[in-house]
Structure formats: C-alpha cells, structure tokens
Amino acid sequence: MSNSFPQVVTIAGSDCDGSAGLQADLKTFQAQKTYGMSILTAAVAGNSYGISNSIALSADFIDAQFQALASDFQIKAVKTGMLTDQATIKCVVSNLRKYNWPNLVLDPVIITKHQALLLAADAYQTLVTELLPLALIVTPNFFEAQKLSGLSLKNDTEIQQASQKLQQLGAQNVLIKGAHDNPQQKVVRDYALFADGSQLWLESELIPTQRVNGTGDTLSAAIAAQLALGNSLKDSIKIAEDYTHQAIAHEIQVGHKYGPINHFI
C-alpha cells in the first residue's frame with residue numbers, strides 16, 4: 001500500500017525563480033493531486049527579467065537520481081523538460097530504457113516562445129532520433145513544431161501534416177500548441193493527433209498578459225499527472241488544457257516582467 005498514491009517524475013532543469021522548469025512541474029503535480037518527484041538535469045539562475053547563468057548536472061549524478069527513485073517508488077508517469085545537451089539526453093534515454101517507466105510525456109524544450117534556440121545541433125538530433133520514439137506523447141510549441149516538421153504551419157492543413165511528420169519520426173501521439181504571438185488574435189488553437197488516427201482541436205481565449213512563464217511545462221506536467229491518475233490520453237489533454245488556461249487567466253503579481261502563471265487555481 002505504500003506505493004498506492006499516484007507518483008509522477010519530472011526530468012528537468014531548476015528555475016530558481018519558481019516560474020518554470022521542475023518547480024512549475026512540481027506545483028502542477030501537487031495541484032493535480034499526484035505526488036511529484038524530480039530528476040535534476042541543470043540549474044538556471046534567472047528571474048522575471050531573464051537568465052544570467054546556468055550549469056548542467058553530470059551524467060553520473062543524473063544516473064544516481066534515476067536509481068534512487070527507481071529503487072523505492074512506483075512511477076506512474078514521467079515528463080521531460082530542459083535536457084541541455086547531447087550527453088544529458090543520452091543519459092536520460094539510457095535510464096528511461098533501463099527502468100521502463102510508463103506514460104512518458106516529452107516536452108521538447110528546443111525553442112522558446114520568444115524563438116530562442118535552446119539545443120545545439122547534435123543534441124537536437126539525439127532528441128529526435130533517440131528520445132522522441134520513447135514518448136507516449138510529444139508536446140511541441142508552435143516554433144518547435146515548425147523545426148521538427150520543416151513546415152511553416154501557416155494553416156490547419158500544415159499543422160495536421162506536421163503532426164503526421166512527428167508520428168513518422170516515432171512519436172505515438174502529438175499535441176502541437178498554437179501560436180500566440182499575433183497582437184490581433186483572439187483565440188489560441190492547439191491540435192492533437194493520436195496513434196489511432198483520431199484528432200482533436202482545442203480552442204481557448206487568448207489572455208493578453210506577460211505572465212505566461214511556465215505554460216508549456218505546466219501543460220505537459222498536467223497531462224502526465226492525469227495519466228498517472230488513470231485517465232485516458234484524450235481526457236488528460238482536455239483537463240490539462242483547461243487547468244493551464246485557468247492558470248493564465250487568473251493572473252498573480254510576482255516579479256516585474258515575464259511573471260509566472262497561477263498554479264493555485
């Protein structure tokens with residue numbers, strides 16, 4: 001009975017201001033009524049203005065964290081976030097294969113919502129060829145989906161084609177998060193393509209705010225938590241989408257510029 005409560009792991013970097021990374025993941029796991037644990041891959045020094053420094057953890061220490069959790073806990077779902085470099089990705093892939101934890105949600109932290117590239121070329125290729133095929137679902141943002149698919153995503157047809165390309169790369173299920181960088185737009189539309197060929201469009205009101213740090217982390221973490229609770233993938237996505245939207249809509253004032261979303265809702 002000691003392992004009966006749903007346990008979820010995030011494999012991610014630490015954002016010291018608490019807005020994103022494993023801190024956002026753990027807040028989300030808690031809000032979804034699951035027990036959250038973390039495997040630290042890197043640590044970032046930053047705040048609402050920006051990032052000033054970062055450091056990557058060694059593969060040996062990442063291995064030790066995997067071993068510690070696997071030897072004691074019954075993991076029901078796992079998500080990945082920032083994996084920093086090729087060595088980290090290879091280490092994570094090796095451990096995921098070794099321990100075979102279920103329900104891997106891959107948040108491919110490749111390009112930020114401000115279109116900054118986060119992975120070197122060799123690390124990107126390793127993520128695509130080795131990590132992507134292990135995932136139950138991959139959740140790229142609009143710009144990551146462009147890079148992964150090679151398409152501009154200028155209309156619904158290209159978004160659907162991009163999802164098919166990601167499946168061809170090895171992803172079982174795909175959730176492409178819609179663009180939200182047009183000052184004139186009123187809604188954000190996300191698109192999900194499932195392994196059985198079914199699809200789902202999810203539409204929500206665009207909230208005009210700069211307090212959106214951690215939205216991608218939160219969405220993928222909420223999906224993982226709902227899977228750990230035993231929900232279907234489609235229901236997990238719907239619940240996670242609603243939670244993330246509410247976290248953006250109910251703004252909190254923390255920091256001075258690009259603030260966090262509200263995990264308390």
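## A tour from the sheet outward

Begin by selecting the strands of this predicted model: nine of them form an open sheet of mixed pairing, in the order β3-β2-β1-β4-β5-β6-β7-β8-β9. Colour β3 (51–56) and β9 next, since these two stand at the edges with a single partner strand each, so one side of each is left without a neighbour in the sheet.

Now move to strand β1 (residues 7–15) and strand β4 (residues 75–80), which run parallel and are joined by five bridges. To see one of these pairings, select Val8, whose bridge partner in β4 is Ala77. With those strands still displayed, add helix α7, which packs on the sheet and touches β1, β4, β5 (104–106) and β7, its direction making about 165° with that of β4.

Stay with α7 (215–228) for a moment. The helix has 14 residues and reaches 20 Å from its first C-alpha to its last, close to the 20 Å expected at 1.5 Å a residue. Switch on a surface here and ask how many of its residues are buried. The count is 14 of the 14, so α7 is largely enclosed by the rest of the structure. Just after the helix, select Gly230, which takes a positive phi of about 100°.

Follow the chain into helix α8 (residues 233–249), whose 17 residues reach 24 Å from the first C-alpha to the last, close to the 24 Å expected at 1.5 Å a residue. The buried residues of α8 include Leu233, Ile237, Ala240, Tyr243 and Ile248, and also polar ones to pick out by name, among them Ser236, Glu241, Thr244 and His245. Showing their surroundings brings up α7 again, together with α1 (21–31), β6 (137–138), β7 (173–176), β8 (187–193) and β9 (199–205), since the buried residues of α8 pack against each of these elements.

From there, turn to the hairpin that β8 and β9 form, with five residues between them, and select Gly197 in the turn, which has a positive phi of about 95°. The two strands run antiparallel and are joined by seven bridges; one pair to display is Ala192 with its bridge partner in β9, Leu200.

For the interior, select Val9, Ile11, Leu96, Trp101 and Leu131, which touch the most other members among the 43 residues of the largest nonpolar core. Centre the view on Leu96: leaving aside its neighbours within four places in sequence, this residue is in contact with Ile11, Phe66, Val78, Trp101, Leu104, Leu131 and Leu134. Apart from this core lies another, of 23 residues, among them Phe194, Leu200, Ala224 and Tyr243. In soluble globular proteins, nonpolar side chains tend to be buried together.

Next, select two cysteines, Cys16 and Cys91, and ask of each whether it is buried or exposed. Cys16 is exposed, with a relative accessible area of 54%, whereas Cys91 counts as buried at 8% relative accessibility. The structure holds zero disulfides.

Finish at Lys165, in helix α6 (residues 156–168), which counts as partly exposed because its relative accessibility is 34%, between the limits of 20% for buried and 50% for exposed. Beyond its neighbours within four places in sequence, Lys165 is in contact with Ser149 and Leu151. As a last distance to draw, join the C-alpha atoms of Lys165 and Ala56, which are 31 Å apart in space and 109 residues apart in sequence.

How values were computed
Residues are numbered from 1 along each chain as its sequence is written. This is a predicted model: local features need pLDDT of at least 70, side-chain atom pairs count only at pLDDT 80 or more; totals for chains, interfaces and linings use all residues. Side-chain values use heavy atoms; hydrogens and water are left out. Helices (H or I, at least four residues) and strands (E, at least two) are DSSP runs, numbered from the N terminus. The expected span of a helix is 1.5 Å times one less than its number of residues. Buried means under 20% relative accessible area, exposed over 50%, partly exposed in between (1.4 Å probe, protein chains only). Contact means heavy atoms within 4.5 Å. A nonpolar core is a set of buried Ala, Val, Leu, Ile, Met, Phe, Trp, Tyr and Cys residues joined through side-chain atoms within 4.5 Å. A disulfide is a pair of cysteine sulfur atoms within 2.5 Å. Two strands pair if DSSP finds at least two bridges between them. Axes are lines fitted to C-alpha atoms, for helices over the stretch in contact, and angles run from 0 to 180 degrees between N-to-C directions.
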